[in-house]
Amino acid sequence: MSRYPAALWLTVSPSLKKFDQRLLSNLSKRILVARWEYIQTVDEPCCLEVVIRLLHDYLQGCDGLEPVHLVGHGLSGIVGWLYAQRYPQYVRSLTLLSVGVNPAVNWHAHYYALRQLLPCSREIVLAQMVRMLFGSRSCDITRALVQVLAQDLDAGFALHSLVNCQAIKGAKIQPPLLVCQGGHDALVDSAERWQPLLKSGDRVWTCPNSHHFFHFDYPRLVEAKLLNYWQQVEQLETTPDQTTAIPAVLNHQSSSML
């Protein structure tokens, strides 16, 4: 058995990684999966080029490592998307969780837009973001989630600020692509908008009755989707002549296996 991971989970938002744990715990029982984490220091500028270069250095440094299945949620998925565009030979497949066709429109962008529009305190705007990202929660859980989001704003890697929002253009990638999103996620685009960026064999799946952090609420369902798609990718690698016969699929509100 290879000592190298089959899948690499990307984390550039350490404050939010607790929402990944259920899914990662389930996946680790089935395959060898590793977490690559970037921690933004106080004195560093927020620069995507730095993050992509460090990720590339890591993958290059794993001598003997075959291309891996990259996975990322939100901003971490954006990093994976940009990396797959630049270094497709290192990526076996890319799985994006809660990433829209316009990758720069993440929860930070929505937060700063609300701050400019609403004459409210930061805490009230963050409570609005909790409802948008997680759905209705109790008062105690909402207060706890407000603290988590505030920590991510203050200490995490970010593309946006009150004075500037970066623009990132979505593009097709060479490796196979699986896009997963919550059925009630107000931050990401509808599944249909992904169609121009899909290749043969790519998939878009919508998790029913879920929000931005759907992989936290439905870890077993998401686990099944990921494992099934990765198995399909690996099977197609052994029969590449069949790839042209498999269309890109938009799978709406389905709880069945891909």
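Here is a friendly conversation about the aromatic pairs, cavities, core and backbone of this predicted model.

Biologist: How many aromatic pairs does a search of the whole structure find?

Modeller: Since this is a predicted model, the search runs on its modelled rings. Rings pair if their centres lie within 6.5 Å. Over the whole structure, the number of aromatic pairs found is ten.

Biologist: Is the pair of Phe 19 and Phe 134 stacked, edge-to-face or tilted?

Modeller: The ring centres of Phe 19 and Phe 134 are 5.2 Å apart, and their planes meet at 50 degrees. Planes under 30 degrees apart would count as stacked and those over 60 as edge-to-face. The angle here falls in neither class, so the pair is tilted.

Biologist: How many residues apart in sequence are the parts that Phe 19 and Phe 134 tie together?

Modeller: Phe 19 belongs to the loop between β1 (7-11) and α1 (21-28), while Phe 134 belongs to helix α5 (residues 122-134). Both count as buried, Phe 19 at 5% relative accessibility and Phe 134 at 6%. The parts tied together by this pair are apart in sequence by 115 residues.

Biologist: And which class fits the rings of Trp 205 and Phe 214?

Modeller: Both residues are buried, as Trp 205 has 0% relative accessibility and Phe 214 has a relative accessible area of 0%. Their ring centres lie 6.3 Å apart, with the planes at 70 degrees. An angle over 60 degrees decides the class, so this pair is edge-to-face.

Biologist: Which residue has its charged end over the ring of Phe 216?

Modeller: Phe 216 is part of a cluster linked by ring pairs, together with Phe 19, Phe 134 and Phe 213. A charged end sits over the Phe 216 ring, 4.1 Å from its centre, and it belongs to Arg 22.

Biologist: Let's turn to empty space. Which element gives the most to the lining of the largest cavity?

Modeller: The largest cavity has a volume of about 180 Å³ and is lined by 17 residues, with Ser 13, Leu 16, His 73, Gly 74 and Leu 75 nearest its centre. At least two lining residues come from each of β1, α3 (75-86) and α4 (107-117). With three residues, the element giving the most is β1.

Biologist: How many charged residues are in the lining of the second largest cavity?

Modeller: This cavity holds about 50 Å³ of space. Of its 13 lining residues, Ser 98, Val 99, Gly 100, Val 105 and Asn 106 are the closest to its centre. By class, there are seven nonpolar and six polar residues, and the charged count is none.

Biologist: Which element gives the most to the largest nonpolar core?

Modeller: That core has 39 residues, and Leu 94 and Trp 194 have the most contacts inside it. Elements giving two or more residues include β1, α2 (48-61), β3 (68-73) and β4 (91-97). The biggest share, seven residues, comes from α3.

Biologist: Is Asn 209 buried or exposed?

Modeller: Asn 209 has a positive phi of about 55 degrees although it is not a glycine, and its place is the loop between β6 (203-207) and α7 (214-217). Ser 98 also has a positive phi, about 60 degrees, but Ser 98 counts as buried at 4% relative accessibility. The cut-off for exposed is over 50%, so with a relative accessible area of 55%, Asn 209 is exposed.

Notes: Residues numbered from 1 in each chain as written. Predicted model: local features only at pLDDT ≥ 70, side-chain atom pairs only at ≥ 80, totals over all residues. Heavy atoms only, no water. Phe/Tyr/Trp six-rings, centres within 6.5 Å; stacked < 30°, edge-to-face > 60°. Helix = DSSP H or I, 4+ residues; strand = E, 2+ residues; numbered from the N terminus. Buried < 20%, exposed > 50% of the residue type's maximum accessible area, 1.4 Å probe, protein only. Lys NZ or Arg CZ within 6 Å of the ring centre and 35° of its normal. 1 Å grid on protein atoms, 1.4 Å probe; cavity = no way out; pocket = protein on both sides within 12 Å on 5 of 7 lines; lining within 4 Å. Points joined across faces, edges and corners; volume = space filled by probe spheres on them. Nonpolar A, V, L, I, M, F, W, Y, C, P; charged D, E, K, R; others polar. Core = buried A, V, L, I, M, F, W, Y, C linked by side-chain atoms within 4.5 Å.
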